[in-house]
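Q: Please give me a close look at how side chains meet one another here. I am new to this, so explain each term as you go.

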Amino acid sequence: MTRNRARSSYDSYAAPRAATRVCDHPDCVAAGEFRAPKSRSSLNEYWWFCLEHVREYNRAWDYYAGMSTDQIEAEVRQDTTWQRPSWPLGKWATQERFIRDRVVNGFSFEFGQDTGKTKNEEKAHRRHHARTEEEKALAVLELTPPVDFARIKARYRELAKKHHPDANGGDKAAEERLKEINQAYNTLKACYAA
């Protein structure tokens, strides 16, 4: 046996319909169903247009109107990172190392050099605190990043002439220094010339 149930209508639960917007174009009474931003500076405020007028508005819309070439270039560059700041890769590691060295060795007002150290002490300090083989090799050649291979080669030739045993009367210290320079140059040649 089936029981007949009273069927209730769900129409009473339906949300009231929102009032239809009128097109914001002057002298148009069609429904404004399509939104368009009011200006570049207020992209979250909209005009409401009918289909015909939103197409007309979009055809005439120029986001970069009134901007110079430099302003457009800056805007495009900001858009590549979604309007958020970015930094070059690797730069922060160098800055962090610099800041840590300043904290450990005392702060000074000269950039990259402690006030109490001479140039030779600074070079020795850099050579002693190098972390990678490349940094050690750069310290031996008395170079600081960023460098290119042409600069490395020129510095190598300069130091090789200066410390060559023939130029120093067969001095053993100069010969050992030349061996260090050769090893450093070979390390950097493998890194930079490849």
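A: Let's start with H53, which touches C23, H25 and C28 (contact means heavy atoms within 4.5 Å), leaving aside residues up to four places away in sequence. This is a predicted model, where local features need pLDDT of at least 70 and side-chain atom pairs count only at pLDDT 80 or more, while totals for chains, interfaces and linings use all residues. Residues are numbered from 1 along each chain as its sequence is written, and side-chain values use heavy atoms, with hydrogens and water left out.

H53 sits in helix α1, residues 51-60 (helices are DSSP runs of H or I, at least four residues, numbered from the N terminus). With 11% relative accessibility, H53 is buried (buried means under 20% relative accessible area, exposed over 50%, partly exposed in between, with a 1.4 Å probe and protein chains only).

A second buried residue is A137, at 4% relative accessibility. A137 belongs to helix α5 and touches A184, T187 and L188, again not counting residues up to four places away in sequence. Look at A137 and T187 in the sequence and then in the model: they are 50 residues apart along the chain, yet their C-alpha atoms are 6.7 Å apart in space.

Now for the charges. Side chains of opposite charge can pair when their charged atoms come close. The structure holds 8 salt bridges (each is a side-chain nitrogen of Lys or Arg within 4 Å of a carboxyl oxygen of Asp or Glu).

One of them is also in helix α5: K136 and E133 meet with N and O 3.7 Å apart. These two residues are 3 apart in α5, which spans residues 133-140, so about one helical turn separates them. E133 is exposed, with a relative accessible area of 54%, whereas K136 is partly exposed at 36%.

Helix α7 has a similar story to follow. K172 and E175 form a salt bridge of 3.8 Å, N to O, and both lie in α7, 3 residues apart, about one turn of the helix. Here K172 is the exposed partner, at 59%, and E175 is partly exposed, at 25%.

Another bridge joins R177 to E142, with the closest N and O atoms 3.6 Å apart. This pair links distant parts of the chain, 35 residues apart: R177 is in helix α7 (residues 172-192), and E142 is in the loop between α5 and α6 (149-163). R177 is buried at 14% relative accessibility, while E142 is partly exposed at 26%. Both also take part in a network of salt bridges that links E142, R155, E158, R177 and E180.

Finally, turn to the surface. K153, R157, K161 and K189 gather there in a patch of positive charge. A patch like this takes residues with over 30% relative accessible area and no salt bridge, with like charges joined within 9 Å. Helix α6 gives the most to this patch, with 3 residues. K189, however, lies in helix α7, where K189 is partly exposed, with a relative accessible area of 37%.

As you turn the model, try following α7: the salt bridge between K172 and E175 is within this helix, R177 reaches from α7 to E142 in the loop between α5 and α6, and K189 is also in α7.

Technical notes
Patch = residues over 30% accessible without salt bridge, like charges linked within 9 Å, V, L, I, M, F, W, Y side chains within 5 Å. Areas by Shrake-Rupley, 256 points an atom, 1.4 Å probe, with all protein chains shown as cover. Lys, Arg positive; Asp, Glu negative; His and termini not counted. Charge placed at Lys NZ, Arg CZ, Asp CG, Glu CD.
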